[in-house]
Structures are given as C-alpha cells and as structure tokens.
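Trainee: Hey, got a minute to go through this model with me? I'd like to poke around a few spots.
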Amino acid sequence: ANAYDFKERQRAGMEWAMWDASLYNGRFYLYFSPVPVLLFYIPFRLVAGAYPPDALVATFFSAWAFLACIAFATRLLGERMRVLWILLIGLGNVVPFMLTFVRAYEVAVATGMAMTAMFAYALLRFTETRATKHAVWMSVWLALAIATRPNLAVLALIAVVVLFRHRRAALFAMIPPAAVGVAYAIYNFARFGNPFELGMTYQISYVPMWRAAPCSLCSAPDAIRLVNNAMHYLFWGPTFAGAFPNYLPYSANWGV
C-alpha cells in the first residue's frame, strides 16, 4: 500500500527491491540524474546488446576516478614520489567498501567521484594556461558532477574563486552548467512534473523521504544531523569487522 515505508516492503518480502531508486507513479528512476546512463549504461547496451550490472558501472567509474586522480597528482607534482602518490590515492579511499554492495546510490557516488576528479584535473590545466577553452572544459565536468550528485555544488565555489579575475573565461564557462541545468530541469519535469524535484522526495530508503526535509536547517534535529553527517564524512575512518562465514544454512537450503 505504501512502497515508501520500509516496514511494509519488509512484510511483503521486498525490502531490498530497487533500493535507493526513486519511485513515482509506478515507475522507478535512477537517483539522481541520468549521467551514469548516458556515459555507460546506454553505450554498453549498444555494444553488448544488454544492460550492465550496477556493480560493473560503479567499478568503471571508480577506476575512472582513480586514473583521473593519478593524472592530477602527476601533473601537479611531476614524477617525484609518483609511486607513493599512487599508493596513497589507491588505498586512501572508500571504493573497496562501496563496491561490496552496489545500488543506484553507489552508482551515483562513483560517477560523482569520476566527474569531480576530472573537474580537478581540468581546473589544474586552467590554472596553468588561463585559456578560455580550459575554463569551459573545467565547467563541463563541474556541471556533470553537480548533475550526478547535487551536493557537489560546493565545487562551484572553487571554480568561482579560480575564475574571479578572468571575466572572458568565466563568461564562457557559464555555458556548460547552464545547458546541463536546463536539460536537468526538463528531465525532472518529465519525471516528476517539477523541474526542481531531483528524485529525493520519492527515494526508496529506510525513511519515507516525501515527508522529510533533508536539506533544511530549520530545527535543532536538523543541525544535529548536519554535525553527525560531517563527522561521518570527514573524521570517521573505515571500520573492519570479520566473522568466519557460516556455510551450513546455504548448504541446507540447496540440499547439498
């Protein structure tokens, strides 16, 4: 009766169905935007004749992000300590933990990582050349990063600071975000009848998001949640836990 209620889905045996996707009028939509679909799902289908599993998509974008980070570090620091930086970038991230259970959310996160890493590399190129074409290239990746994960709009502050004294480059750099923003608004209107609805309201999660205000700071609980999220994102390292796998239930179920 209420697909947004986790307990109801659990009672129906569908607690993990299309987890983190957006459900509206009987249809599921990818959370948040179609950027992963445009960059991987559709090209993969055109080549292979079938859609890829979500885990493969997340792995692809995670690898993309890793290579872009290596390119950024190499260009910034040169060849010195290159091996050390590769090890630090390879080990100093949460990709191995994220890839253990991939859903629509993890696909969006991995894609956002790749777009952010490309933005960083393009930004570095602009600081080297001050060329308008590199400013536009930087803004392309910025726009795709924000479209993939709207909270990555914080990257725009960095772009504004870098472009502040380069008016011509800044003017042309506004074109890609404007184009992507218009396309995103049209896409949202086609999905939800609202150009500003990103899909979060209809997200399949533990908490019914349609009655939540996830981006507000209008109450003490909202402020506490903000502090808690900052602690998780910035200060809590990954935790390791292990237990010997128990194969007996699986053997019994399969009659082995």
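Mentor: Sure. Let's start with aspartate 20, which lies in the loop between α1 (6–11) and β1 (22–24). Keep in mind that the model is predicted.

Trainee: Okay, is aspartate 20 buried or exposed?

Mentor: Aspartate 20 counts as buried, because its relative accessibility is 6% and the cut-off for buried is under 20%.

Trainee: What's its backbone doing, then? I mean the phi of aspartate 20.

Mentor: Aspartate 20 has a positive phi of about 70°, although it is not a glycine.

Trainee: And what about asparagine 25, what sign does its phi have?

Mentor: Positive too: asparagine 25 is at about 50°, and it's not a glycine either. You'll find asparagine 25 in the loop between β1 and β2 (27–29).

Trainee: Buried or exposed, that asparagine 25?

Mentor: Exposed. The relative accessible area of asparagine 25 is 67%, and exposed means over 50%.

Trainee: New topic: helix α2. How far apart are its end C-alpha atoms?

Mentor: They're 19 Å apart. With 14 residues (35–48) at 1.5 Å a residue, α2 should span 20 Å, so the two values agree.

Trainee: Where does α2 have its kink?

Mentor: At tyrosine 41, shortly before proline 43, and the kink is about 30°. Just after α2, glycine 49 takes a positive phi of about 85°.

Trainee: Which residues of α2 are buried?

Mentor: Val35, Pro36, Phe40 and Tyr41. So the residue at the kink is on the buried list as well. What covers these buried residues includes α3 (54–77), α6 (104–129) and α7 (132–148).

Trainee: Switching to pockets. What's the volume of the second largest one?

Mentor: About 360 Å³. The elements that give two or more residues to its lining are α7, α8 (155–163), α9 (167–173) and α10 (175–192).

Trainee: Which of them gives the largest share of that lining?

Mentor: α10, with six residues. The lining has 21 residues, and Leu142, Ala143, Ile146, Pro177 and Gly181 lie nearest the centre of the pocket.

Trainee: How many of the lining residues are nonpolar, polar or charged?

Mentor: 18 are nonpolar, three are polar and none are charged.

Trainee: Last one: where's phenylalanine 196?

Mentor: In the loop between α10 and α11 (220–234). Phenylalanine 196 is exposed, because its relative accessible area is 72%. Its C-alpha atom is separated by 9.4 Å from that of isoleucine 186, 10 residues apart along the chain.

Definitions and conventions: Residues are numbered from 1 along each chain as its sequence is written. This is a predicted model: local features need pLDDT of at least 70, side-chain atom pairs count only at pLDDT 80 or more; totals for chains, interfaces and linings use all residues. Side-chain values use heavy atoms; hydrogens and water are left out. Helices (H or I, at least four residues) and strands (E, at least two) are DSSP runs, numbered from the N terminus. The expected span of a helix is 1.5 Å times one less than its number of residues. The bend at a residue is the angle between axes fitted to the seven residues ending there and the seven starting there. Buried means under 20% relative accessible area, exposed over 50%, partly exposed in between (1.4 Å probe, protein chains only). Contact means heavy atoms within 4.5 Å. On a 1 Å grid over the protein atoms alone, a cavity is a set of points where a 1.4 Å probe fits but cannot get out, and a pocket is an open set with protein on both sides within 12 Å along at least five of seven lines; lining residues have an atom within 4 Å of a point. Grid points are joined across faces, edges and corners, and a volume is the space filled by probe spheres set on the points. Ala, Val, Leu, Ile, Met, Phe, Trp, Tyr, Cys and Pro count as nonpolar, Asp, Glu, Lys and Arg as charged, and the others, Gly among them, as polar.
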